[in-house]
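Welcome! Take a moment to look over the sequence and the 3D view, then try each exercise before reading its solution.

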Amino acid sequence: MKNMITFDIKQAAVFLGAHKETIRKLAAGGQLPGVKIGRSWRFVEEDLVEYMRSKYVWAHIPKEAVNRSKEQWRFIKEKTFGGLASPTMDKEYKEALGLR
């Protein structure tokens, strides 16, 4: 069995860079993995590392969005702004204004 490192609530707070009350609330709410033994909380270091990694921004972004090439985004460069959306309306406005 691998040697596990455990933290109390103060050590977990230092490890995660948060206030101990924040850690207590997260653990009590089931958002942070931990166990309450008697009156104190205990946390396994590996669980805290996994928790932190799950909060990385890229963990919530689909891989397709991260790995897109510039060619897939070319339509943004080619997009023109302004003008009318309907060719029929465009023709009617030109006729009304006497334009070609």
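The exercises below go from the whole chain to its sheet, its helices and its surface, and the model they use is a predicted one.

**Exercise 1. Get an overview of the chain: how many helices and strands does it have, and in which pattern do they follow along the sequence?**

Step 1. Start by counting elements: the protein chain has six helices and three strands.

Step 2. Now read from start to end, and the pattern is β-α-α-β-β-α-α-α-α.

Step 3. Add some totals. Of the 100 residues, 13% count as buried. The accessible surface comes to about 8,900 Å², and 55% of that belongs to carbon and sulfur atoms.

Step 4. Look at contacts too: among those with a separation of 6 or more, 43% are between residues 24 or more positions apart.

**Exercise 2. Work out the order of the strands in the sheet, and say which ones are at the edges.**

Step 1. Take β1 (residues 6-7) and look for its partner: two bridges join β1 to β3, and the two strands run antiparallel. In these pairs, Thr6 stands opposite Val44, and Phe7 stands opposite Phe43.

Step 2. Do likewise for β2 (residues 35-37), which three bridges join to β3, again antiparallel. One of the pairs to find here is Lys36 with its bridge partner Trp41.

Step 3. Put the pairings together: the three strands form an open sheet in the order β1-β3-β2. The edge strands are β1 and β2, since each pairs on one side only.

Step 4. Finish with the link between β2 and β3, a hairpin with two residues between the strands. Gly38 lies in this turn and has a positive phi of about 65°.

**Exercise 3. Sort the side chains of β3 by face: which are buried and which are not?**

Step 1. Recall a general point: in a regular strand, side chains alternate between the two faces of the sheet.

Step 2. Apply this to β3 (residues 40-44). Trp41 and Phe43 point to one face and are buried.

Step 3. Ser40, Arg42 and Val44 point to the other face and are not buried.

**Exercise 4. Compare the buried and exposed sides of helices α1 and α2: which residues lie on each?**

Step 1. In α1, the buried residues are Ile9, Ala12, Ala13 and Leu16. Seen down the helix axis, they fall within an arc of 100°, so they line one face of α1.

Step 2. Turn to the face of α1 away from this buried side, where Lys10 and Val14 are exposed.

Step 3. In α2 (residues 20-28), Ile23, Leu26 and Ala27 are buried. Their arc around the axis is only 95°, which puts them on the same side of α2. Lys25 and Ala28, on the other side, are exposed.

Step 4. Ask what does the covering. For the buried residues of α1, the cover includes β1, α2, β3 and α3. For those of α2, the cover includes α1 (9-16), β3 and α3 (45-54).

Step 5. Just after α2, you can also spot Gly30, which takes a positive phi of about 80°.

**Exercise 5. Find the salt bridge: which side chains meet in it, and are they buried or partly exposed?**

Step 1. There is one salt bridge to look for in the structure. The side chains of Arg24 and Glu21 meet in it, at 2.6 Å from N to O.

Step 2. Place the two residues: both lie in helix α2, three residues apart, which is about one turn of the helix.

Step 3. Check their exposure against the cut-offs: buried means under 20% relative accessible area, and exposed means over 50%. Arg24 has a relative accessibility of 32%, so Arg24 counts as partly exposed. Glu21 also has a value of 32%, so Glu21 is partly exposed.

**Exercise 6. Name the residues that make the nonpolar surface patch of about 430 Å².**

Step 1. The patch is made by Met89, Tyr93, Leu97 and Leu99.

Step 2. Locate one of these residues: Met89 is in helix α6 (residues 87-97).

Step 3. Check the exposure of Met89: its relative accessibility is 35%, so Met89 counts as partly exposed.

Methods:
Residues are numbered from 1 along each chain as its sequence is written. This is a predicted model: local features need pLDDT of at least 70, side-chain atom pairs count only at pLDDT 80 or more; totals for chains, interfaces and linings use all residues. Side-chain values use heavy atoms; hydrogens and water are left out. Buried means under 20% relative accessible area, exposed over 50%, partly exposed in between (1.4 Å probe, protein chains only). Helices (H or I, at least four residues) and strands (E, at least two) are DSSP runs, numbered from the N terminus. Two strands pair if DSSP finds at least two bridges between them. The arc is that of the directions from the helix axis to the C-beta atoms. Contact means heavy atoms within 4.5 Å. A salt bridge is a side-chain nitrogen of Lys or Arg within 4 Å of a carboxyl oxygen of Asp or Glu. Patches are made of residues with over 30% relative accessible area and no salt bridge: like charges are joined within 9 Å, nonpolar side chains (Val, Leu, Ile, Met, Phe, Trp, Tyr) within 5 Å. Accessible areas come from the Shrake-Rupley method with a 1.4 Å probe; for residues, only the protein chains shown count as cover.
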